[in-house]
Amino acid sequence: MILNNSFKLIKKKFRRLYLNSNLYNKKITPSSIELIEYQPSPSLLDGLIKYDKKKINIENYSLNEIWDNPNLKEKDQQNLNSFFWLFSLDLRSSKKDTQNVIYQWINTNERYNSENWKNDIIGKRIIAWISNSRLTYEDGSVDYKEKFNGIVKKQINHLINEIETSELINDKIIGCAAIILTGLSYPQNNDYLNTGLSLLKKLVKYSLDNDGFPKSRNIRQLSFYLKYFILIREWFKESQNEIPDFINENIYYLGQAYAFIWQNNKVDFLFNGNHKTNNHNFDLYLKKLGYNFKNQNNELGGYAVLNNKKNSLIMDIGSSPNIKLSSNYQAGALSFEIISNGKKLISNCGYFQKVNHQLNEVSKSSAVHSTLVVDDKSSCSFNKLRGKKSRINQGLKILKKKIVFEKNYWKINASHDGYLKLHGIVHAREIEFYPDQLKFIGHDKIISNKDIKNLKFEIRFHLEPNVKVMKTKDGKSIFIDLDGEGWKFSSENTMINIDKGLYFGEKNSFTDNQNIFISGMTNEENQTIRWEITKL
């Protein structure tokens with residue numbers, strides 16, 4: 001192990017020396033420089049870019065002190081060098097000033113450097129520069145255009161060499177998009193276009209399942225894929241190039257998955273790395289471009305979703321993903337959410353995205369999901385690497401599942417082995433819904449093949465921060481006030497209480513919430529805990 005780590009460090013050091021060498025600089029410098037022929041419309045990125053309501057003046061970025069500020073945080077430095085702020089420039093901004101900022105950047109960063117030539121930053125920068133070419137390129141001097149075209153190709157040459165080293169799939173998607181756009185904008189040589197499409201095909205095969213759902217089971221990644229595939233398709237269409245079949249095919253499957261996860265409910269499901277994303281603007285973008293997705297399935301990507309006009313029942317019935325794709329996975333197997341009239345009755349707690357924050361690990365635990373926890377441990381264990389997102393160490397498999405969806409009766413039944421190796425326990429959950437009675441009945445089974453006496457277990461039912469709860473005097477029921485809707489939670493022969501917790505539904509923030517929880521101790525026999533949620 002020590003020798004292996006030493007070898008990796010030496011290899012990394014030599015690679016760093018090589019990337020900074022004259023030899024590598026010569027390798028990625030283009031032998032010929034052509035002019036841009038296709039200038040894409042910036043509006044095609046409306047589905048991706050969150051515009052500032054207040055338009056930016058280019059003079060703010062032409063000041064050297066902004067670029068030379070040593071106190072800028074790493075994230076702000078990356079945002080500055082990605083040039084995505086170009087999309088927020090006032091349309092009256094000066095072409096001359098805009099091009100001068102880029103000219104100065106080129107003079108400072110014309111050779112590879114580890115800070116400003118990271119794969120994701122290069123990808124965003126190329127997309128921003130070319131997409132805003134009416135400001136960044138038009139009416140530029142001969143010298144400026146030559147420098148601009150040369151540095152674009154030089155960065156793309158580097159990106160092609162290095163894209164496989166990106167650890168995050170999202171960064172690879174951005175990189176592929178940048179390479180494809182460069183190929184469309186500089187059509188004199190088809191190498192960039194063919195390379196970008198080939199890399200994208202490879203990425204799709206690695207990271208999407210047969211139904212077009214991310215193998216990571218990450219809902220945000222699904223939306224991210226769809227946005228970039230549509231962007232690439234629109235570039236092909238606008239530049240009057242034939243759209244590759246695999247682009248159309250993947251948009252079809254990704255669109256169906258998007259309809260299943262979001263458009264059928266218009267509410268964010270808080271499973272596996274998701275938080276509230278508000279896709280309404282993206283829906284308007286899709287409508288504007290003529291995309292219309294539909295999906296009436298009840299199961300996809302390891303999720304069961306049952307709907308009528310007023311109620312929804314959603315459950316995670318999927319196995320944990322491959323270790324390499326598990327950096328945003330949360331140990332919420334068999335957790336569920338209930339939606340009533342567009343409001344969350346039962347919720348999971350969401351995901352805290354910041355990698356180095358302790359709440360990132362907390363938000364991955366089973367305890368922040370509406371599911372069973374045994375002995376204060378999660379159904380999956382994770383390995384934390386310094387400076388990186390933790391990945392699954394010990395995963396789980398779904399052992400069985402069954403879905404019934406009829407007009408007056410719904411049922412989701414599934415089990416998993418996440419506690420089998422450690423405690424000899426299989427968790428089986430069955431949730432039934434009677435739409436005419438507005439009653440949910442749950443059965444959580446603790447099934448064991450050995451003596452599991454005196455292990456503590458808890459079943460939590462998390463609520464959004466605005467939901468109010470009150471325990472009855474006899475302690476047998478809990479009333480839930482869902483913005484004027486009254487519901488009653490009860491459980492036979494078990495101890496039920498109300499506990500405080502943390503809610504991570506808003507990106508990288510947390511607030512107090514409450515949860516109803518059932519607690520007890522395992523005994524020598526298999527146990528079934530029955531509970532009900534009924535509308536008053």
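**Group meeting: rings, helices and two unusual loop residues**

At 24% relative accessibility, L438 counts as partly exposed, a term for anything between buried, under 20% relative accessible area, and exposed, over 50%, with a 1.4 Å probe and protein chains only. Hello everyone! This is a predicted model, where local features need pLDDT of at least 70, side-chain atom pairs count only at pLDDT 80 or more, and totals for chains, interfaces and linings use all residues. Residues are numbered from 1 along each chain as its sequence is written, and side-chain values use heavy atoms, with hydrogens and water left out.

Back to L438: this residue is found in the loop between β11 (425–434) and β12 (439–448), where helices (H or I, at least four residues) and strands (E, at least two) are DSSP runs numbered from the N terminus. Its phi is near 50°, a positive value in a residue other than glycine.

F83 also has a positive phi, of about 65°, and is not a glycine either. You'll find F83 in the loop between α4 (74–82) and α5. With 0% relative accessibility, F83 counts as buried.

F83 also joins W85, Y103, W105, W129, Y137, Y144 and F148 in one aromatic cluster. For pairing, the centres of Phe, Tyr and Trp rings (six-membered ring for Trp) must lie within 6.5 Å; planes under 30 degrees apart are stacked, over 60 edge-to-face, and the rest tilted. That rule gives 31 aromatic pairs. One of them, F352 with F504, is edge-to-face, at 6.1 Å centre to centre and 70° between the planes. F352 lies in the loop between β5 (343–346) and α14 (358–362), and F504 in the loop between β17 (495–503) and β18 (511–521), so the pair ties together parts that are 152 residues apart in sequence. Both partners, F352 and F504, are buried.

Now for two helices: how do α5 and α8 pack? Helix α5 (residues 95–109) meets helix α8 (residues 142–162) at an angle of about 55°, with the axes 10 Å apart; axes are lines fitted to C-alpha atoms, for helices over the stretch in contact, and angles run from 0 to 180 degrees between N-to-C directions. The two are therefore oblique to each other, meaning outside roughly parallel (under 35 degrees), roughly antiparallel (over 145) and roughly perpendicular (65 to 115). Among the contact residues (heavy atoms within 4.5 Å) are Y103 and W105 of α5 and Y144 and F148 of α8. Those four residues also appear in the aromatic cluster. Thanks, everyone!
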